[in-house]
Amino acid sequence: MNSKKIMITGGRGMLGRQITDDFKSEHTIYIADIDDTDITDLDRFHKFTKEINPDIIIHAAAYTRVDGAETESDFAYKLNALGSKNVAVVAEAVKAKIIYISTDYVFDGVSSKPYNEYDTPNPTSVYGKSKYAGEVFVKENSSDYLITRISWLYGLGGPSFLHTMNRLSVDGVNELKVVNDQIGNPTSTIAVSRKLKSLINSDIDLKGIFHLTCEGSTSWYDLAVAFFKLRGFDQKVTPCSSLEYKTSAKRPANSQLDKMNLRLHNLEQMPNWQDALKEFVDIENW
Ligand SMILES: NC(=O)c1ccc[n+]([C@@H]2O[C@H](COP(=O)([O-])OP(=O)(O)OC[C@H]3O[C@@H](n4cnc5c(N)ncnc54)[C@H](OP(=O)(O)O)[C@@H]3O)[C@@H](O)[C@H]2O)c1
């Protein structure tokens, strides 16, 4: 196995922490989070990156507050669109591969079928639009890129939907109303990190877009029910519609992603979401 210098933007975030933990025994890891540098400052980020001279940049830094982005759109675009452009430009300058972490929210969710890597994005929220603008900048500015789309993410230490469910239940909330008309692929940072590691260690030099969400689909309501069952909590959960549970950002009704490119490259599929959830619930320090 070929040990590489890997820089992780947003390395102290939920996904970045998991990748750092998983990769550090095989690769040399450099964290590029907001305390270390700033991806929105091209000169500073270029200088920081040149010193390290990484082989690969995993670009996970982002403005991730989906509803907040509706009112803080300048901030969201600055980080997700222009910040990603800077990371791609710098990656190209130092001859590093860029792996951009993107999202299911680049799709509008109108189709009844899972979206594959060849479907055309049509984001409906500011967050989705700014992340998609980041994808376009990565494609335009890097000659060696992977765009990996993930969704409904949870991971050790949170924050995530599951951590919120857990906290509300521990706080003694009687009844939890959870939407049951949005369908997607709950995905653990553990599963994403493992797959990224296998793609990086693969003999094939992969390029292009890869969907990396866990297999199988469910609603937020059924995810909450499955979570409480695994936790052994007798929590009352009531299904409701997206109309009843209003949020500032419009979310796709169908967020399912087809992992077509893993299939076409004869790569192992992602684990089933129930198995990944159990693995996570068992090891999280609740
Ligand atoms: N969470 C999800 O459900 C989900 C779903 C699909 C895709 N994704 C994508 O997956 C990736 C990782 O998500 P996550 O939940 O792990 O995100 P996260 O926990 O919010 O981590 C992002 C990290 O980036 C840092 N950061 C912010 N501005 C920066 C800057 N200018 N320069 C360098 N670093 C900066 C953040 O610092 P601060 O915390 O101080 O701002 C944070 O540590 C993101 O690209 C996200 O869009 C997430």
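Helices H8 (220-231) and H10 (residues 273-283) pack at an angle of about 40°, and their axes sit 10 Å apart. (Axes here are lines fitted to C-alpha atoms, for helices over the stretch in contact, and angles run from 0 to 180 degrees between N-to-C directions.) That makes the two helices oblique to each other; angles under 35 degrees would count as roughly parallel, over 145 as roughly antiparallel, 65 to 115 as roughly perpendicular, and the rest as oblique. H8 passes H10 in a right-handed crossing, meaning that the near helix is turned clockwise from the far one by less than a right angle, while anticlockwise would be left-handed.

Keep in mind that this is a predicted model: local features need pLDDT of at least 70, side-chain atom pairs count only at pLDDT 80 or more, and totals for chains, interfaces and linings use all residues. Residues are numbered from 1 along each chain as its sequence is written. Helices (H or I, at least four residues) and strands (E, at least two) are DSSP runs, numbered from the N terminus.

Another pair to look at is H2 (residues 42-52) and H4 (residues 73-93), whose axes come within 10 Å and cross at roughly 35°. H2 passes H4 in a right-handed crossing. Here is who touches whom in each pair, where contact means that two C-beta atoms, placed from the backbone, lie within 7 Å.

| Pair | First helix | Second helix |
|---|---|---|
| H8 and H10 | Ala226, Phe227, Leu230, Arg231 | Gln274, Leu277, Lys278, Val281 |
| H2 and H4 | Leu42, Phe45, His46, Thr49 | Asn86, Val90, Ala93 |

By class, the contact of H8 with H10 has five nonpolar, one polar and two charged residues, whereas that of H2 with H4 has four nonpolar, three polar and no charged residues. (Ala, Val, Leu, Ile, Met, Phe, Trp, Tyr, Cys and Pro count as nonpolar, Asp, Glu, Lys and Arg as charged, and the others, Gly among them, as polar.)

Back to H10: its buried residues are Trp273, Ala276, Leu277 and Phe280. They cover an arc of only 100° around the axis, so they lie on the same side of H10. On the other side, Asp282 and Ile283 are exposed. (Buried means 20 or more other C-beta atoms within 10 Å of a residue's own, exposed means 12 or fewer, and partly exposed is in between.) The cover over those buried residues includes strand S6 (153-154), helix H7 (189-201) and H8.

Finally, meet Lys259, in the loop between strand S12 (236-240) and helix H9 (260-264). Lys259 is buried, with 22 other C-beta atoms within 10 Å. Leaving aside neighbours within four places in sequence, Lys259 is in contact with His211, Gln269 and Met270.

How values were computed
Arc of directions from axis to C-beta.
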